[in-house]
Amino acid sequence: MGKPFASSADLADKARSFEELAPGVYALTAEGDPNVGAVEGEDFLVCFEAMATPVAAREWLALLRERTGKPVRYLVLSHYHAVRVLGASAFGADVVVAHEKTRELIAERGVEDWASEYARMPRLFKEPASIPGLTWPTLTFGDRVAIDLGGDRGTLELHHCGRGHTEGDLVAWLPERRVMFAGDLVESQAALYTGDAFHRDWAGATLDRVASFGAETLVGGRGAVARGRAEVDAAVAQTRDFLRVMLRETGGVRERGGTLKEAFERTHRALAPRYGAWPIFEHCLPFNVSRLWEELDGVERPRVWTAERDREVWEQLQG
Ligand SMILES: [Zn+2]
């Protein structure tokens, strides 16, 4: 008997931790569910990530409203994945900010990604009928953009560090506090999803660039907040190691003329001792190895995941 599809059998609510990382800098983590954050400006809020539905987002906003009533001027989206963007309407933000590639990816594959992620992780889609449609960024950038927080609060910088988890990831960096929100470019004690990734860029120059900021507090895409340089370095190193093991094992099978199924099994065996118990490991790995196999075959941009293709790959590798 095969494993239940993706995270379709993961229906238990996760314990949430709402933390103030520095004055006016907030994060909500939840045992491996997608993390969200917020930064207070002088008379407005910047929110980071939007959750999967407006109803889910309103639960997060209710927690935030216990600390501040400032209106949300900016909603920053780290990348295009549905579980991070489709709750956007709940924020009432004046400006929705993303990388220019993220906007293109939403136009190209946002509908398919919505269906795919809903089937993979139904629990995150609280009251899916509350989603009014795709989320469209209203401010996009290529390399970097800065948001003046007003008063003596400094700036919040948004940087594109290269291709990684997707083609258009951004990180949010608060230089005054040395706090980074890294989106899914860094995971802290959670498995990586690489089904839309550029593994070689991510494991190399992109993570080098993320690390070069020297963050002292880092909120990754999933998992606990990394506090202090040692934990931040460990989260970056874990992310890089996961990618390198995938490249070595899947690449090795490919060079020997093996099959995708063999690559999946070898990669699984190599990763499982260290990462097998971490959130979404079993869920992600078939999609991860499929994408890496194609990347190594010279398929430049990740193929679109549809609900149908998800099931085929699952049956082939985890069934
Ligand atoms: Zn993602």
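Donors here are N, O and S atoms within 2.8 Å of the metal. With that in hand, on to the zinc site of this predicted model.

**The zinc site**

Four protein side chains hold the donors of the zinc ion: His79 through NE2, His81 through ND1, His165 through NE2 and Asp184 through OD, at 2.1 to 2.4 Å. Along the chain, these donors are spaced as H-x1-H-x83-H-x18-D. Two of the histidines come from distant parts of the chain: 84 residues separate histidine 81 from histidine 165. Here's where each one sits:

| Residue | Location | Flanking elements |
|---|---|---|
| Histidine 81 | loop | between β5 (72-76) and α2 (82-85) |
| Histidine 165 | loop | between β9 (155-159) and β10 (171-174) |

Are these two buried or exposed? Histidine 81 has 4% relative accessibility, so it counts as buried, the cut-off being under 20%. Histidine 165 is at 0%, so it is buried too.

As for geometry, the angles among the four donor atoms run from 90 to 176°, and the site is irregular. A tetrahedral label would need all angles between 85 and 135 degrees.

**The sheet**

Now for the strands. Seven of them form an open sheet, ordered β1-β2-β3-β4-β5-β6-β7, and the pairing is mixed. At the edges are β1 (17-22) and β7 (139-141), each paired on one side only. From one strand to the next, the twist averages 20°.

β1 runs antiparallel to β2 (residues 25-30), with five bridges between them. Glutamate 20 faces tyrosine 26 of β2. Helix α3 (residues 100-120) packs on the sheet, where it touches β6 (95-99) and β7, and its direction makes about 95° with that of β6.

Note on methods: Residues numbered from 1 in each chain as written. Predicted model: local features only at pLDDT ≥ 70, side-chain atom pairs only at ≥ 80, totals over all residues. Heavy atoms only, no water. Pairing = 2+ DSSP bridges. Helix = DSSP H or I, 4+ residues; strand = E, 2+ residues; numbered from the N terminus. Axes fitted to C-alpha atoms, helices over the stretch in contact; angles between N-to-C directions. Contact = heavy atoms within 4.5 Å. Donors = N, O, S within 2.8 Å, 3.2 Å for Na, K, Ca; no water. Tetrahedral: all angles 85-135°; square planar, octahedral: opposite > 155°, others 65-115°. Buried < 20%, exposed > 50% of the residue type's maximum accessible area, 1.4 Å probe, protein only.
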